[in-house]
Amino acid sequence: MATSVKLSENMVKKARLMSKVLNRSVAGQIEYWAKIGQLAEENPDLTYDFIKDLLVANQEVKDNELTPYKFD
C-alpha cells in the first residue's frame, strides 16, 4: 500500500539526481536511503559499505547467485 509523505524539495532534488545515476525511480531511491538509514540505526557499529555489501549478499541468496568459497 502506497502512502504519500511530504519531503523537502532539496531531498527530492537529490533523490531525483541519484535515481538517474543509479537507474532507480525517485521513490525507489528514497526507499533505498530509508532502508540504509534504518539498518545503520539498528546496527551503529557497521559501516555503510558493510551494510551495502550485506544487502547485495542477501539479494544474491534470493536470486540463487551463489559461488562456493574456496579455502586456500
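This briefing walks through three helices and how they pack. The model is a predicted one, so please read every value below as computed from it. Helix 1 covers residues 9–21, helix 2 covers 26–42, and helix 3 covers 48–62. Helix 2 is a good place to keep your eye on, since both helix 1 and helix 3 are among what covers its buried residues.

**Helix 1**

- Helix 1 is made of 13 residues, and its first and last C-alpha atoms are 19 Å apart, close to the 18 Å expected at 1.5 Å a residue.
- V12, A15 and S19 are the buried residues of this helix. Looking down the axis of helix 1, you will find them within an arc of 60°, so they line one face.
- An α-helix has 3.6 residues a turn, so residues three or four places apart point the same way.
- K13, L17, K20 and V21 are exposed on the other side of helix 1.
- Helix 2 is part of what covers the buried residues of helix 1.

**A closer look at S19 and the residues after helix 1**

- S19 sits in helix 1 and has a relative accessibility of 4%, which is why it counts as buried, the cut-off being under 20%.
- Beyond its neighbours within four places in sequence, S19 touches R24, S25, V26 and Q29. Of these contacts, Q29 is itself a buried residue of helix 2.
- N23, just after helix 1, has a positive phi of about 55°.

**Helix 2**

- Helix 2 has 17 residues, which should span 24 Å at 1.5 Å a residue; the end C-alpha atoms are 24 Å apart, in agreement.
- Q29, Y32 and I36 are buried in helix 2. Their arc around the axis is only 60°, which places them on the same side of the helix.
- The face turned away from that buried side carries exposed E31, E41 and E42.

**Where helix 2 meets helix 3**

- Two packed helices are described by the angle between their axes and the distance between the axes.
- For helix 2 and helix 3, the axes come within 10 Å and cross at roughly 115°. That makes helix 2 roughly perpendicular to helix 3.
- The crossing of helix 2 past helix 3 is right-handed.
- On the helix 2 side, the residues in contact are Y32, K35, I36, L39 and A40; on the helix 3 side, they are Y48, I51, K52 and L55.
- Y32 and I36 appear among these contacts, and both are buried in helix 2.

Notes:
Residues are numbered from 1 along each chain as its sequence is written. This is a predicted model: local features need pLDDT of at least 70, side-chain atom pairs count only at pLDDT 80 or more; totals for chains, interfaces and linings use all residues. Side-chain values use heavy atoms; hydrogens and water are left out. Helices (H or I, at least four residues) and strands (E, at least two) are DSSP runs, numbered from the N terminus. The expected span of a helix is 1.5 Å times one less than its number of residues. Buried means under 20% relative accessible area, exposed over 50%, partly exposed in between (1.4 Å probe, protein chains only). The arc is that of the directions from the helix axis to the C-beta atoms. Contact means heavy atoms within 4.5 Å. Axes are lines fitted to C-alpha atoms, for helices over the stretch in contact, and angles run from 0 to 180 degrees between N-to-C directions. Angles under 35 degrees count as roughly parallel, over 145 as roughly antiparallel, 65 to 115 as roughly perpendicular and the rest as oblique. A crossing is left-handed if the near helix is turned anticlockwise from the far one by less than a right angle, and right-handed if clockwise.
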